[in-house]
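Please work through the exercises below with the sequence and the model in view, trying each task before reading its solution.

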Amino acid sequence: MVAPFIQVQEIYKSYQRDSLEIPVLRNINLEIAEGEFIAFMGPSGSGKTTLLNLIAGIDKPTSGKILIAGTDVTELNESELAVWRSRNVGFIFQFYNLIPVLTALENVELPLILTPLSKKERRAHAEMALAVVGLAERMHHYPRQLSGGQEQRVAIARAIATDPAILVADEPTGDLDKASAEEVLELMDRLNRELNKTILMVTHDPRAAERARSTRNLDKGELNN
Amino acid sequence: MELVRLLFRNVLRHKLRGILTIVGVGVAVMAFALLQTVVSAWYAGVEASAANRLISRHAVSFVFPLPLAYRDRIAQIPGVNKVTFASWFSGVYIDKNQFFARLAVDSDTFFDVYSEFLVPPEQFEVFKRERNAAIIGSDIAQRYNLKLGDIMPIEGDVFPGQWEFVVRGIYEPRDQTTDPTTMMFHYKYLEERVRQEMPQRAGDIGWYIVRIDDPDNSAAISQEIDKLFANSRAETKTETERAFQQSFLSAASAVITAMNVMSFVIIGIILLVVGNTMIMSARERTHEFAVLKALGFTGGQLFFLIAGESILLSLFGSALGLGVTFPAVAGFETALPKGWFPVFYIKPETVAIGCAAGLLVGVLAAIIPLRRVLTTRIVEGLRHVG
């Protein structure tokens with residue numbers, strides 16, 4: 001039997017505020033297969049972004065294990081985690097988070113700096129990623145010269161440029177109009193179906209969640225289904 | 001796209017702030033270099049001192065003369081290589097504002113001991129043959145448009161009367177530390193008139209310059225000279241040329257120290273200027289740095305971006321400041337009364353300290369923002385609204 005691609009085991013996460021311990025996630029157990037497109041839903045403060053951050057390796061649980069392709073990411077130190085993220089995770093943020101002083105092409109090329117690729121290869125990869133999201137002709141535009149939808153597509157190109165196995169998307173359509181949101185969701189759907197990317201998406205939007213293969217609900221730090 | 005491109009783009013991300021910071025650093029570095037140049041100018045005489053030269057003067061004060069007869073006795077002391085002497089002539093050339101040193105010297109020996117005055121041999125030969133001939137520094141020749149053969153009329157004050165000298169030699173300073181503004185003429189010419197007009201002052205000289213074989217023996221030889229003339233009508237005080245020059249600065253030492261301290265306070269001000277810019281810059285980009293960390297950028301790469309930006313701002317400013325310092329120093333020198341600072345130039349050390357200060361300030365100014373960026377957790381950085 002093949003082990004699930006992502007295994008979240010008995011995760012507990014709390015924050016310390018002064019002397020008060022505030023629990024955010026309680027006893028989370030989750031298995032996600034490779035190539036899954038899963039949406040996490042739930043009210044604000046339910047812990048869905050925290051769970052996403054833990055799986056993406058940008059935060060650490062208070063206790064529990066997260067195994068991804070056999071690697072326990074909770075055991076990695078900061079430097080190891082940085083390397084692991086650069087190879088395995090692509091990030092899509094609600095507010096795109098592009099670097100304003102870099103062009104679309106340079107933004108997409110940014111994570112490729114961390115790879116051993118040559119300058120020429122990096123550029124080819126970045127151009128290809130921009131072509132995948134349909135923005136090849138806008139590669140020399142700065143973020144301020146793009147619409148919100150286009151910025152998010154550049155962010156998706158940046159997320160897939162290094163060909164990571166996992167894409168994590170935190171409210172990817174939260175700042176977009178309906179048409180742009182639809183374009184972005186369509187793109188994510190394609191990445192999942194055609195490139196077999198494992199996508200974990202946090203959203204409040206039921207229409208966005210409908211594009212996922214499965215939906216998990218969180219409430220008060222617990223998974224409900 | 002290389003990381004260095006992002007670094008350069010970040011430097012001028014906020015153009016006005018970046019330019020103001022660079023200009024601020026530039027002005028401060030210029031002020032630092034100007035103050036250091038003035039301080040160096042004060043110490044020019046000290047720095048030009050030779051280790052193997054002693055100055056023997058009247059024990060009471062420099063203004064009292066010594067007998068010429070001391071020369072041969074000093075020359076006999078073991079370790080003494082050559083003895084020469086000079087007298088302060090002073091006088092007024094054109095008007096009282098035209099200041100430069102005018103010395104009556106023993107022309108047979110003086111230029112041997114002061115080999116830093118480079119006189120063309122043919123000019124020196126002519127000078128030696130003519131009793132009222134003078135040798136002047138190249139700066140004096142340039143300042144007063146004097147050529148070989150020109151007459152320099154001087155109204156005497158220390159030695160009253162009308163004096164006329166013929167320019168027979170123009171010396172070039174050996175290097176930048178040598179005073180190019182001195183006039184020297186034959187002591188014999190002075191002595192000749194003194195014997196006729198002021199016989200009570202005949203046979204007096206101002207001070208002896210004693211060249212010794214080994215600088216390590218300067219203290220012992222100084223003692224030996226002073227012992228030789230102890231309890232005489234003109235006791236001597238002998239010291240190294242450096243100590244002698246230093247004694248002229250004692251009155252102004254508080255001002256010089258203040259200027260020196262001020263120049264380094266200015267470096268502190270640069271640190272605050274660049275530090276402030278970097279703290280603001282890094283705070284505004286907390287979110288962006290969190291994104292870079294999430295993408296996998298390491299602490300070393302973020303150090304490169306932040307410290308690099310800080311160092312570039314500081315170095316650009318330093319380069320601007322040092323570039324402006326050269327015309328500023330030239331303008332400052334022009335504005336000063338003629339002859340105020342005979343040796344006035346920007347020392348290579350000042351330029352080196354300016355550059356080093358730029359680099360150091362760049363590194364130090366990056367510490368606080370860097371610490372903040374490196375210790376901020378990614379999730380906190382992503383939540384930051386700046």
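Two exercises follow, on an interface and on one residue.

This is a predicted model, in which local features need pLDDT of at least 70 and side-chain atom pairs count only at pLDDT 80 or more, while totals for chains, interfaces and linings use all residues. Residues are numbered from 1 along each chain as its sequence is written, chains are lettered from A in the order in which they are written, and side-chain values use heavy atoms, with hydrogens and water left out.

**Exercise 1.** Describe the interface of chain B and chain A, starting from the residues that each chain brings to the contact.

*Solution.* Begin with contact, meaning heavy atoms within 4.5 Å: chain B contributes 22 residues and chain A 25 residues. Next, look for salt bridges, in which a side-chain nitrogen of Lys or Arg lies within 4 Å of a carboxyl oxygen of Asp or Glu; there are four between chain B and chain A. One salt bridge joins the side chains of A:Asp59 and B:Arg377, at 2.7 Å from N to O.

**Exercise 2.** Is B:Val274 buried or exposed, and which residues is B:Val274 in contact with, leaving aside neighbours within four places in sequence?

*Solution.* First, take the accessibility: B:Val274 counts as buried because its relative accessibility is 0%, where buried means under 20% relative accessible area and exposed over 50%, partly exposed lying in between (1.4 Å probe, protein chains only). Then, with neighbours within four places in sequence left aside, the contacts of B:Val274 are B:Thr21, B:Val25, B:Ser310, B:Ser314, B:Val361 and B:Ala365. Finally, compare B:Ala202, 72 residues from B:Val274 along the chain, where the C-alpha atoms of the two are separated by 65 Å.
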